[in-house]
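I open a fresh page for this protein. I will go from the overall picture to single residues, and then to the space inside.

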Amino acid sequence: MVVSGRKAKDIGRLAQGFSLIAKEFAKRSPTLQSAKNGDFQALLKNAVVSATDLSGLTKGTLHSQSTHNNPSNPNNADSAANNPDSVVYFTHDEPPPPQRRPEQPLPPPENNAALSAVEVEVIGSSAQQQLEPQTQSQSPEPQPRAPPRRKPRERRVPSTPFSRALGFAGLGAGLAWGTLQESTKRLIYGTPLSSPGNQSVVSPFLSPQNAERLALALCRMRGPALKLGQMLSIQDESLVPAPILAALDIVRQGADVMPRAQLNQVLDAELGPDWSSKLTSFDYEPLASASIGQVHRAVTKDGMDVAIKIQYPGVADSISSDLENVKLLLDYTNLIPKGLYLESAMKVAKEELSRECNYELEAESQKRFRALLYDAQGFYVPLVVDDISSKRVLTTEFVSGIPIDKVALLNQETRNYVGRKLLELTLKELFVFRFMQTDPNWSNFLYDEATNTINLIDFGAARDYPKTFVDDYLRMVVACANGDRYTVIEMSKRLGFLAGMESEVMLEAHVQAGFVVGLPFAKPGGYDFRTSNITQSISNLGATMLQHRLTPPPDEAYSLHRKLAGAFLACIKLGAVVPCRELLLEVYERHQFGDDGGETLWSGLP
């Protein structure tokens with residue numbers, strides 16, 4: 001009877017949560033307001049389409065991917081040859097010049113203070129990649145077989161508050177039904193209600209079927225909800241239950257794509273009805289389809305090969321409501337541990353997503369990085385094409401290369417080089433520029449083997465860090481590398497990671513986590529990331545910290561730790577050997593602290 005009562009309570013809580021969400025949707029919906037005025041036809045149409053689509057009753061149009069997404073592959077013909085229906089050519093009075101890579105000089109470096117302080121905080125990448133590269137032929141290692149991928153579908157983006165509200169309502173109904181089914185099955189077949197380390201057995205809500213419903217609905221909805229799903233998909237089982245984690249792998253494969261008619265509406269609204277006059281061709285098949293937009297390849301009238309990032313309609317206006325509704329779902333389903341401080345995470349997510357949806361800010365960030373790295377060997381930042389860009393459309397020079405997971409198939413020397421350059425860039429961004437691109441997506445770093453250059457793309461996640469924060473964070477990193485417990489705790493208090501009243505269990509876990517992260521910087525010489533168990537160690541300590549944490553991390557930590565973790569994971573994926581301590585020491589010796597530059601934290605160490 002206790003078990004049955006617990007099930008009834010869980011289902012009641014779900015029903016109450018979905019009811020509150022539906023009421024909140026109705027209160028906010030302008031479409032519902034119009035229905036009150038007599039427009040019931042529009043209300044009914046939107047209700048049926050959104051609810052059935054998001055609950056999975058309707059499937060959308062299956063979108064066929066062509067194989068032309070690898071321009072760096074010499075065996076690939078022009079995209080029109082592979083999929084002639086996707087590329088549209090525009091005729092103009094004058095014939096276009098041949099395609100070229102721009103050779104105009106880079107801008108001179110500017111003083112950081114003179115650059116516009118663009119605070120572009122974001123979770124994740126706005127377009128996951130510009131191309132799907134192929135393994136280099138000279139690699140002796142066979143390419144591992146890729147897991148089955150979800151086929152993207154052509155489906156209109158829910159763009160009004162009401163259609164998005166109904167989408168969440170459909171998702172909620174589907175999850176509630178799935179929970180009821182799972183509870184009934186367990187009641188009949190006697191499925192165990194508890195099992196160590198298996199949260200899906202504890203809660204009928206966390207069934208594999210519900211996890212899949214959630215992931216597919218996020219791919220259909222797109223926008224902030226999908227962005228949160230992508231963020232959760234890179235966590236481990238100490239934070240996210242295994243069934244949810246497995247299903248969210250679908251989310252990383254990309255969202256559904258906009259139909260051509262809806263895509264044209266966005267381009268007309270943002271660039272004007274004559275936008276095609278600036279191009280000689282445009283490929284309607286997206287190179288990538290991500291959380292807030294999709295990327296298309298085109299050629300300008302002057303022959304430049306470009307990538308055009310186009311934002312989904314209604315996404316920017318739905319950030320607040322989407323996040324609030326996701327929070328309601330999470331609250332009423334108890335999916336998120338208390339130690340994650342969901343309220344604080346949602347606040348930061350809202351700020352970051354609002355900036356990410358402003359492509360004008362991203363364009364300024366890309367120009368700023370281009371200036372900062374103008375003479376940096378081994379890096380290239382593509383040009384921004386201003387006259388084909390707006391707040392919701394961003395056009396940049398198209399660059400080729402292979403992402404980090406493909407570099408991992410090259411020889412050891414190349415892997416070491418790329419790993420070193422990535423870590424060098426990460427340290428320089430934080431401690432020298434105090435301006436960092438915080439999205440660690442591997443496809444944002446495209447290695448061009450012919451020029452030994454890493455092409456950097458997607459700057460929607462770029463943000464500034466305050467001088468005082470950077471000074472104290474450098475002190476803490478050095479203390480972690482040196483095994484200095486006292487300084488780690490003191491800097492953690494100053495930065496806001498600790499409240500000062502933590503238990504000894506929490507302090508010990510926090511300090512040990514710092515030492516684990518500082519391990520690559522602890523000794524001179526190359527650190528071999530092939531033997532690293534950093535992620536497992538942090539995962540074990542993280543579970544303890546979630547139970548005993550007294551305060552959320554500072555706002556700056558969300559984006560910063562995402563990038564730092566990504567840099568380490570990239571080096572682990574590459575199996576690189578990197579002189580981490582030497583790179584950190586070089587940055588530290590040149591750093592000018594705000595209060596005084598005379599401190600020495602490296603004494604007594606080689």
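Entry 1, overall. I looked up the secondary structure and found 22 helices and 15 strands in the protein. I note here that the model is a predicted one. The protein has 606 residues, and 54% of them are buried. I then took the contacts between residues at least 6 apart in sequence, and found that 77% of these join residues at least 24 apart. For the accessible surface of the protein I wrote down about 27200 Å². Carbon and sulfur atoms account for 55% of that surface.

Entry 2, backbone angles. I kept in mind that most residues other than glycine have a negative phi. Then I turned to two residues that have a positive phi although neither is a glycine.

I began with Arg434, where phi is about 55 degrees. Where does Arg434 lie? I found Arg434 in the loop that runs between helix H16 (412-433) and strand E10 (435-437). Is Arg434 buried or partly exposed? Its relative accessible area is 27%, so I entered Arg434 as partly exposed, the class between 20% and 50%.

Next I went to Asp458, with a phi of about 65 degrees. Asp458 is in a loop as well, between strand E12 (453-456) and strand E13 (462-464). The relative accessible area of Asp458 is 8%. Buried means under 20%, so Asp458 goes down as buried.

Entry 3, cavities. How many cavities of 30 Å³ or more does the structure hold? I noted four. I picked the second largest cavity for a further look, and its volume is about 80 Å³.

Which residues line the second largest cavity? I listed Ile404, Leu422, Thr426, Pro440, Trp442, Phe445, Lys563, Gly566, Ala567 and Ala570. By kind, this lining divides into seven nonpolar residues, two polar and one charged. Lys is classed as charged, so Lys563 is the charged residue of this lining. Gly counts as polar, so Gly566 belongs with the polar residues.

I also checked which helices contribute to the lining. H16 and helix H21 (555-574) each supply at least two of its residues. H21 gives the largest share, four residues. H16 was already on my page, as the helix on one side of the loop that holds Arg434.

Terms used:
Residues numbered from 1 in each chain as written. Predicted model: local features only at pLDDT ≥ 70, side-chain atom pairs only at ≥ 80, totals over all residues. Heavy atoms only, no water. Buried < 20%, exposed > 50% of the residue type's maximum accessible area, 1.4 Å probe, protein only. Contact = heavy atoms within 4.5 Å. Areas by Shrake-Rupley, 256 points an atom, 1.4 Å probe, with all protein chains shown as cover. 1 Å grid on protein atoms, 1.4 Å probe; cavity = no way out; pocket = protein on both sides within 12 Å on 5 of 7 lines; lining within 4 Å. Points joined across faces, edges and corners; volume = space filled by probe spheres on them.
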